[in-house]
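Visitor: Got a minute to walk me through a structure? I'll throw short questions at you.
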Amino acid sequence: MGLLIEGQWHDQWYDTDKTGGRFEREKARFRHWVTPDGSPGPSGQGGFPAESGRYHLYVSMACPWAHRTLIVRALKGLAPHISVSVVHPDMLENGWEFRPDDERYRDHLHNHRFLHQVYTRAVPDYSGRVTVPVLWDRRRDTIVSNESAEIIRMFNSAFDGLAGVRSDLDIYPEPLRAEIERINQRVYDTVNNGVYKAGFATVQDQYARAYHALFETLDWLEARLSDRRYLVGRQPTEADWRLFTTLIRFDAVYYSHFKCNRQRLADFPVLSAYLRDLYQTPGVRETVSIGQIKRHYYVSQRTINPTQIVPEGPQLDFEAAHGRETLV
């Protein structure tokens, strides 16, 4: 884990001393939007129209934030229009890496060796963390966005005019937006980012605060989903997919590696069935790589796991029947 300072790479872990042992996530710096006609979006500059073949997505199969974008890309049928490069799961002294001699982990646009070179290609004197996902504009040779929450909203609607894109699928429908936002806010703070607050805390009270907030929300979600199939409405929305990418990693990583060990997700009968239901949605299982997820966390985060030993378990079965078809 490291960061760029005025365009130079530094191998530097998060500084929790200045926050009293609390982990704080850095905000995304690139906040432009792809829109149907290239007009400006809610932030950043305009000039990024939705065009087939123009945009390229950099992701890690291990990262829950990048995983969101892969899911929505798959659900909307955007694969023919938006290409992808996947970084290697090991994130060590040089940050996210490509492997030019391995087709699975190549930078298919620029053949860079490190993701931080993609950032400095866009902004030579960039300062900040180097994260995935990154949405790249081939035509303007720059980064459009590195904010996953905004990329999935672009994918949800901006490209609907292109051939084969599922314009009938809307994961952020207007009538449900207020409720989606309310759930997103709680889930982000206590679950998506909450597991990191627990795992990266360096003092006991900050860890305990994150731990208890996490399980309070998981208990709330267990109750909420006991009589409804999805978090909001009768179809999966972005609230479900944002939660899914944390839940799918929970028993394999967060339970042990981040010390979120009150109970496994498998011990929540409703949440574990809900997870299987979402996983079995056509196109989603192909975006999940438990092997890369485990390797990334246990090998890359040496501050937490200095031996870099990757656990053999746990046994996970996301293909089992979920029995949620009758819920509305």
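Guide: Sure. One term to start with: a crossover is right-handed if, with the strands pointing away from the viewer, the path from the first strand over the helix to the second runs clockwise. In this predicted model, β3, α1 and β4 make a right-handed β-α-β unit.

Visitor: Which way do β3 and β4 pair, parallel or antiparallel?
Guide: Parallel, over five bridges, with β4 covering residues 82-86. H56 has S83 as its bridge partner in β4.

Visitor: And how does β3 pair with β8?
Guide: That pairing is antiparallel, over four bridges, and β8 spans residues 134-137. There, Y58 stands opposite V134.

Visitor: How many residues of β3 are buried?
Guide: Five of its five. Y55, L57 and V59 sit on one side, H56 and Y58 on the other, and both faces are covered. Side chains in a regular strand alternate between the two faces of the sheet.

Visitor: What about S60, where is that?
Guide: In the loop between β3 (55-59) and α1 (64-76). S60 counts as buried because its relative accessibility is 1%, and the cut-off is under 20%. A polar atom of the S60 side chain lies 3.0 Å from the backbone nitrogen of A62.

Visitor: Which residues further off in sequence does S60 touch?
Guide: A66, V87, W96 and V132, leaving out residues up to four places away in sequence.

Visitor: Switching topic: how many disulfides?
Guide: Zero. For C63, the nearest cysteine sulfur is that of C260, 16 Å away, and a disulfide needs the sulfur atoms within 2.5 Å.

Visitor: Is C63 buried or exposed?
Guide: Buried, with a relative accessible area of 7%. C260 is buried too, at 0% relative accessibility.

Terms used. Residues numbered from 1 in each chain as written. Predicted model: local features only at pLDDT ≥ 70, side-chain atom pairs only at ≥ 80, totals over all residues. Heavy atoms only, no water. Helix = DSSP H or I, 4+ residues; strand = E, 2+ residues; numbered from the N terminus. Buried < 20%, exposed > 50% of the residue type's maximum accessible area, 1.4 Å probe, protein only. Polar contact = N/O pair within 3.5 Å; in protein donor to acceptor, adjacent residues only side chain to side chain. Contact = heavy atoms within 4.5 Å. Pairing = 2+ DSSP bridges.
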